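The exercises below are meant to be worked with the sequence and the model side by side. Each one sets a task and then follows it with a solution in steps.

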Amino acid sequence: MSVLPPSLRPRRLAARLRQRLDRADRVTVAAALVAVAAGVLTFAIAATVFSHHSANHDEGVYLTQAALLLGGQLEFHAGPLADAVHPWFFVEDGGRLYPKYNPVPAATFAVSMALFGEPRVTLAAVAAGNAALVYLLGSQAFGRRVGLAAAVLFAASPMAVATSSAFLPYAPTTFFNLIFAVAYLRSVRDRSLAAAGVAGVAIGIAFFARPYTAVLFAAPFILHALWRVVAATRRFGDDAETPLLRALAAAGVRGLPDPVRRHGLTALFGTLFVGVTLAYNVRITGSPLVFPYQAFAPMDGPGFGERRILGHSVEYTLGLALESNRYALQEIATRWVAAGPLGTVAALVGAAVALWGWRARGDPRGLLDGATATRSPAVDGGAGARPAGSPAFRRTAALLLVGVAVSVVVGNLYFWGTHNALADLSDPTDGLASLFGPFYHFDLLVPLSVFGGVGVAAGARALSAARERLVDRGVSSAAARVALAVVVAVAVAGAGVAAVDAAADPIERNAAVDAKHEAAYAPIDEATFEDGLVFVPTPYGEWQNHPFQYLRNGPGLDGEVVYALDRDPVENFAVLDAYPDRTLYRYGYQGVWTADPEARVTPKLEALDRRSGARIDAETTVGVPDRVARAQVRVDPRRGAPGGPDHASYTVTAPNESIAVDWAVTPEGVRLPGAAAAGDPEAGEPVPFDPEGDVVAVTVTLVDPTGATFTYRQEVTVRVTEGGEAGADGARVEAVWPPERSTCRLVTACGNEGTYLPDDPDEHSEWVVFETEADASGE
């Protein structure tokens, strides 16, 4: 007969051990499923909601940079064409174009581009990795159940869902920050030099990616490491018979206190990557202390006072910082964490539970699962060392998470980016923050999710205790389980509805943007380019990929299609001369391009060719509706040239159903024969244009009896070639054909609002006819 109590008998111990292992395995498997689900969801959203990229044009910067890295380049070498192919947020330096951002996020996208031909695989991997790392971090601080709940909350946060699904740097940087945090705590808990090295490499890479973000995240860990190193060296010095410095020299690395070796190794690897960052600065900007973003906009970094980027500037004061960041935190708490306000309440409850656990039992995990401290080898060595996995370690881990929250919040006061992302502080649907959340606070999701997990686990523990009390009071076990199941079902349903509701608004807003982009890029998607050259418009100024980030050039500027900005005629001809054998296109649209997703445009992709000869004769035919009293025909160059008239014109009275206008481009200028035929011989003289390159407008303005007008406008890009100055022997003219055409009501020029769409007659009145033909003679 056994003398051991039942609880200590081998069979019972084995059964209990299997039960605990099974429970741990179930939690681990559940966490793995959460991570996989986060990755799948991210890929699905990236491929659907962001199929043509988002309203944040930084995506184009990182994808262009990724393509450069795959091509073995850090920059474009565009030479004299730099202005024509200048991407958004790239710095131009003597024909060299380099991005304002450091290359780490782009490198992560380049990996999946190289392996799978699809950069969205990186987005999925990073989202899955972040969820898994939050699980590990929460498990280290509060136990596996908390880690699982934290992973769910992080993966379900609208800011994580939206931001992780776009080609932006915030989720990848957090991925490396989380590796650092998990490895750092593992190095402390297990006295692992390997983990300490991993921590240093991870935070070094994060620094290379986004220096300020990495510093804010690492700040509490750095303070903790310094504190432990100072404490350990003091003990070491007190125990040594010789002075401290001599003892350190005599002992060598292996004789150093354990915290010094571990944290020193972390610092060493982190510092090495700081060196890599500075070396990259030297390679790109020429100075180790000048980051590329500073070269792009010197007043765009952290700090107060005047902040400026391109044409946007603001006097960034502490008051404005407090107002902007208060609003950002309010938005995060109510809209951008999982389940919105419910998620924030869970985090606050979790923080309160952790604090109560510390005060009541000295263990922040004590109120969650009744865990007791386990005795393990000392962590820091020497007298008073903390046992690994002890309540003291978990308290340290939790305090470091609190430190991350404080550091991120306080540190972002010093950077004006949050103010810019919010746009209008009175409108939560305005600015980039309305689509992705206050993304400069992305790391704040980590402590919010972990403490939210504490709140969820505490709630589950409270429900379990309530069931036990019901059973103690005489309620049957089955009835107690049913009551508990009902409460859990209601709580889960409520939290689920809140989570879906919180995520729905930003997803819908981003989906509306994508629908606009999909319609705008339809002609591009339908085209098959072979050695194509496409001119694209410049609604936001002379930038590639701003706004058309879907239309990006390859690293060699020589792929199946090259995109060039449609600019000044001289500059456009320089592009044409650089690519003489390519098939030409002009991408345009009817409408006004704005950030408003409801303001759609109707696109067109028009094939172009180059007409060249001693003379180009053209005929333009336009339709005329009833009740038109007269028509004014006019030609005038944009630049012109001295020595002749600046325009030619004539009037057609009582026009028929159509008007045919003959005009010609010669080296001497543009001729309008109808002007001379109308009785004004001088009006028939050629109107000179700039021989280096000019835009000649030919307009037909219809006027009804009330004075209302309707104008057919076409603009053709022309120049004189081979003969030098206009009129020289052997001179020829060249034109890009067909002209850009538009139809305008009440004004004679209306830009893209009146773009003529020859392949979409439903966009115009049935009487509108706009045809133009040209023949080059003297080939």
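**Exercise 1. Overall make-up**

How many helices and strands does the secondary structure of the protein chain come to?

Solution. The model is a predicted one, and its protein chain comes to 23 helices and 18 strands. Turning to burial, the chain has 779 residues, of which 51% count as buried. As for contacts, among those in the protein chain with a separation of 6 or more, 71% are accounted for by residues 24 or more positions apart.

**Exercise 2. Rings around F89**

Classify the pair formed by the rings of W88 and F89, and describe the surroundings of F89.

Solution. Begin with the total, which is 36 aromatic pairs in the structure. In one of them, the ring centres of W88 and F89 lie 4.2 Å apart and the planes stand at 20 degrees, and because planes under 30 degrees apart count as stacked, this pair is stacked. Next, consider accessibility: W88 has a relative accessibility of 10% and therefore counts as buried, and F89, at 8%, also counts as buried. The two residues belong to one aromatic cluster, whose members are Y62, W88, F89, Y101, F296 and W543. K100 lies over the face of F89, 4.3 Å from the ring centre. Finally, look at the backbone: F89 is found in the loop between strand 1 (76-77) and strand 2 (90-93), and its phi is near 60 degrees, a positive value in a residue other than glycine.

**Exercise 3. A pair across two loops**

Determine the geometry of the aromatic pair of F548 and W593, and locate both residues along the chain.

Solution. The centres of F548 and W593 are 5.0 Å apart with 65 degrees between the planes, and this aromatic pair is edge-to-face. The pair links distant parts of the chain, 45 residues apart, since F548 is in the loop between strand 6 (532-536) and strand 7 (561-565), while W593 is in the loop between strand 8 (583-590) and strand 9 (602-613). With a relative accessible area of 4%, F548 is buried, and W593, at 7%, is buried as well. The loop between strand 6 and strand 7 also holds P547, which is joined to H546 by a cis peptide bond with omega of about 20 degrees.

**Exercise 4. Two packed helices**

Work out the relative direction of helix 7 and helix 16, and list the residues through which they meet.

Solution. Helix 7 (residues 170-190) and helix 16 (residues 391-412) pack with their axes 11 Å apart, at an angle of about 160 degrees. Because angles over 145 degrees count as roughly antiparallel, helix 7 is roughly antiparallel to helix 16. The crossing of these two helices is right-handed. On the side of helix 7, the residues that meet helix 16 are Y184, L185, V188 and R189, and their partners in helix 16 are F393, A397 and L400.

**Exercise 5. Backbone exceptions**

Is A654 buried or exposed, and what is its phi?

Solution. Recall that most residues other than glycine have a negative phi, and most peptide bonds are trans. A654 has a positive phi, near 45 degrees, and is found in the loop between strand 12 (648-653) and strand 13 (658-666). Its relative accessible area is 57%, so A654 is exposed. As for peptide bonds, the one from W737 to P738 is cis, with omega near 0 degrees, and P738 is found in strand 17 (residues 732-745).

Terms used: Residues are numbered from 1 along each chain as its sequence is written. This is a predicted model: local features need pLDDT of at least 70, side-chain atom pairs count only at pLDDT 80 or more; totals for chains, interfaces and linings use all residues. Side-chain values use heavy atoms; hydrogens and water are left out. Rings of Phe, Tyr and Trp (its six-membered ring) pair if their centres lie within 6.5 Å; planes under 30 degrees apart count as stacked, over 60 as edge-to-face and the rest as tilted. Buried means under 20% relative accessible area, exposed over 50%, partly exposed in between (1.4 Å probe, protein chains only). Helices (H or I, at least four residues) and strands (E, at least two) are DSSP runs, numbered from the N terminus. A charge sits over a ring if NZ of Lys or CZ of Arg is within 6 Å of the ring centre and within 35 degrees of the ring normal. Axes are lines fitted to C-alpha atoms, for helices over the stretch in contact, and angles run from 0 to 180 degrees between N-to-C directions. Angles under 35 degrees count as roughly parallel, over 145 as roughly antiparallel, 65 to 115 as roughly perpendicular and the rest as oblique. A crossing is left-handed if the near helix is turned anticlockwise from the far one by less than a right angle, and right-handed if clockwise. Contact means heavy atoms within 4.5 Å.
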